[in-house]
Amino acid sequence: MVNVIIVGGRRVGLRLIELLKRRSDYHITLINNDPLTSEIIEKKFQDVVLVKGDATNKTVLEKAGIDNADIVVAATSTDEVNLLIGVTSQDYNVEKIVARTGNPSHIKMFKKLGLNEVVSPELTACNYIETFIIKPSNVNELEFTSKGSYDIINVEVKSSKVIGKTIGEISPNEDYIVLLCEKDDKEYIAQNDIILDKHDMVTILVKDKSVKKVKKLFTKNSILSI
């Protein structure tokens, strides 16, 4: 029996459940926060285990059985949420992690972070979209935006509060997680032992309500230079 956890129970999640239920060798658990969708699932798929909660929370993933999961599918409508779920799932012994992205230009980002199974409905529909990531030169400009609760930002390291510290000393916390670090035009997946130097560029997944605070942490000094 293949244990599958699906996150996101709207159109994509429901369709995926319908397809997998055509086979008898899949045990499906759905993590979902939408009451209407939960009602549909409970009526239509009585043998699907339904877990209500926020899948970006490790406690919810563990409640859904991620310790014994073979496949995790992050299929919500928000790229940043899918990315965070995918990155978090890598801490467990999951054979395959599939992440959905609604923006083909995010595929490169997902793959750099180890999420090689990336599905883009828009890319499939168009057959071919050249993917690229444009990095903003202005620290106050968001590289990616979302209608959800997370943003992906690029900032230049300027603050003495983080210069000289390792990524592991400052990330992750309740507001953000550092994803990538660029040094001398070379990009590195964030590792705990990477030391931040002045003028490094870091890519950060951050709660939208904390964007200003996180930018200030990485770019502002408490004492103004003369």
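1. Aromatic pairing. In this predicted model, a search of the whole structure turns up one aromatic pair. The rings belong to Y176 and F218, and their centres are 5.8 Å apart. The planes stand at 80 degrees, so the pair is edge-to-face; the cut-off for that class is over 60 degrees. The pair ties together distant parts of the chain. Y176 sits in strand β8 (residues 176-183), while F218 sits in helix α8 (residues 211-219). The two are 42 residues apart.

2. Burial of the pair. Are these two residues buried or exposed? Y176 has a relative accessible area of 5%. F218 comes out at 0%. Buried means under 20%, so Y176 counts as buried, and so does F218. F218 also belongs to a nonpolar core, discussed in point 6.

3. The sheet around Y176. Four strands make an open sheet, in the order β7-β10-β8-β9. The pairing is antiparallel. β7 and β9 (186-189) are the edge strands, each pairing on one side only. From one strand to the next the twist averages 25 degrees. Two helices contact this sheet. α4 packs on it, touching β7, β8 and β10, and its direction makes about 80 degrees with that of β7. α8, the helix that carries F218, lies across β7, β8 and β10 and runs at about 20 degrees to β7.

4. Strand β10 in detail. What does β10 pair with? On one side, seven bridges join it to β7 (residues 150-156), and the two run antiparallel. There, E156 stands opposite M201. β10 also pairs with β8 in the antiparallel sense, over six bridges. Y176 faces V206 across that pairing, and the bridge partner of I177 is L205. β10 spans residues 201-207, and five of its seven residues are buried, so the strand is largely enclosed by the rest of the structure. As a reading aid, side chains in a regular strand alternate between the two faces of the sheet.

5. The largest nonpolar core. This core has 33 residues. Which members touch the most others? They are I5, I31, I66 and L83. Elements giving two or more residues are β1 (2-7), α3 (58-63), β4 (71-74), α4 (79-89), β5 (96-100), α5 (107-112), β7 and β8. α4 gives the most, with five residues. I5 is worth inspecting in the viewer. Leaving aside neighbours within four places in sequence, I5 is in contact with T29, I31, L61, A64, G65, I66, A69, I71, V72 and V73.

6. A second core. A separate core of 17 residues includes V162, C181, V202 and F218. F218 is thus a member of this core as well as one half of the aromatic pair. In soluble globular proteins, nonpolar side chains tend to be buried together.

7. T56. This residue lies in the loop between β3 (49-52) and α3. T56 is nevertheless buried, with a relative accessible area of 15%. Its side chain makes a polar contact of 2.7 Å with the side chain of D54. Not counting residues up to four places away in sequence, T56 touches V81, L84, I85 and Y150. The first three of these fall within the range of α4, 79-89, and Y150 falls within that of β7, 150-156.

8. A75. Here is another loop residue, placed between β4 and α4. Its relative accessible area is 7%, and A75 is buried. Where does it sit with respect to I6? The two are 69 residues apart in sequence, but their C-alpha atoms are 7.0 Å apart in space. A75 also touches V7, V12, N82 and R100, with residues up to four places away in sequence not counted.

9. Overall picture. The secondary structure comes to eight helices and ten strands. Of the 226 residues in the protein, 46% are buried. Among contacts with a separation of 6 or more, 60% are between residues 24 or more positions apart. The Y176 and F218 pair, at 42 residues apart, is one example of parts distant in the chain being linked.

Technical notes:
Residues are numbered from 1 along each chain as its sequence is written. This is a predicted model: local features need pLDDT of at least 70, side-chain atom pairs count only at pLDDT 80 or more; totals for chains, interfaces and linings use all residues. Side-chain values use heavy atoms; hydrogens and water are left out. Rings of Phe, Tyr and Trp (its six-membered ring) pair if their centres lie within 6.5 Å; planes under 30 degrees apart count as stacked, over 60 as edge-to-face and the rest as tilted. Buried means under 20% relative accessible area, exposed over 50%, partly exposed in between (1.4 Å probe, protein chains only). Two strands pair if DSSP finds at least two bridges between them. A nonpolar core is a set of buried Ala, Val, Leu, Ile, Met, Phe, Trp, Tyr and Cys residues joined through side-chain atoms within 4.5 Å. Contact means heavy atoms within 4.5 Å. A polar contact is a pair of N or O atoms within 3.5 Å; within protein, one must be able to donate a hydrogen and the other to accept it, and residues adjacent in sequence count only if both atoms are side-chain atoms. Axes are lines fitted to C-alpha atoms, for helices over the stretch in contact, and angles run from 0 to 180 degrees between N-to-C directions.
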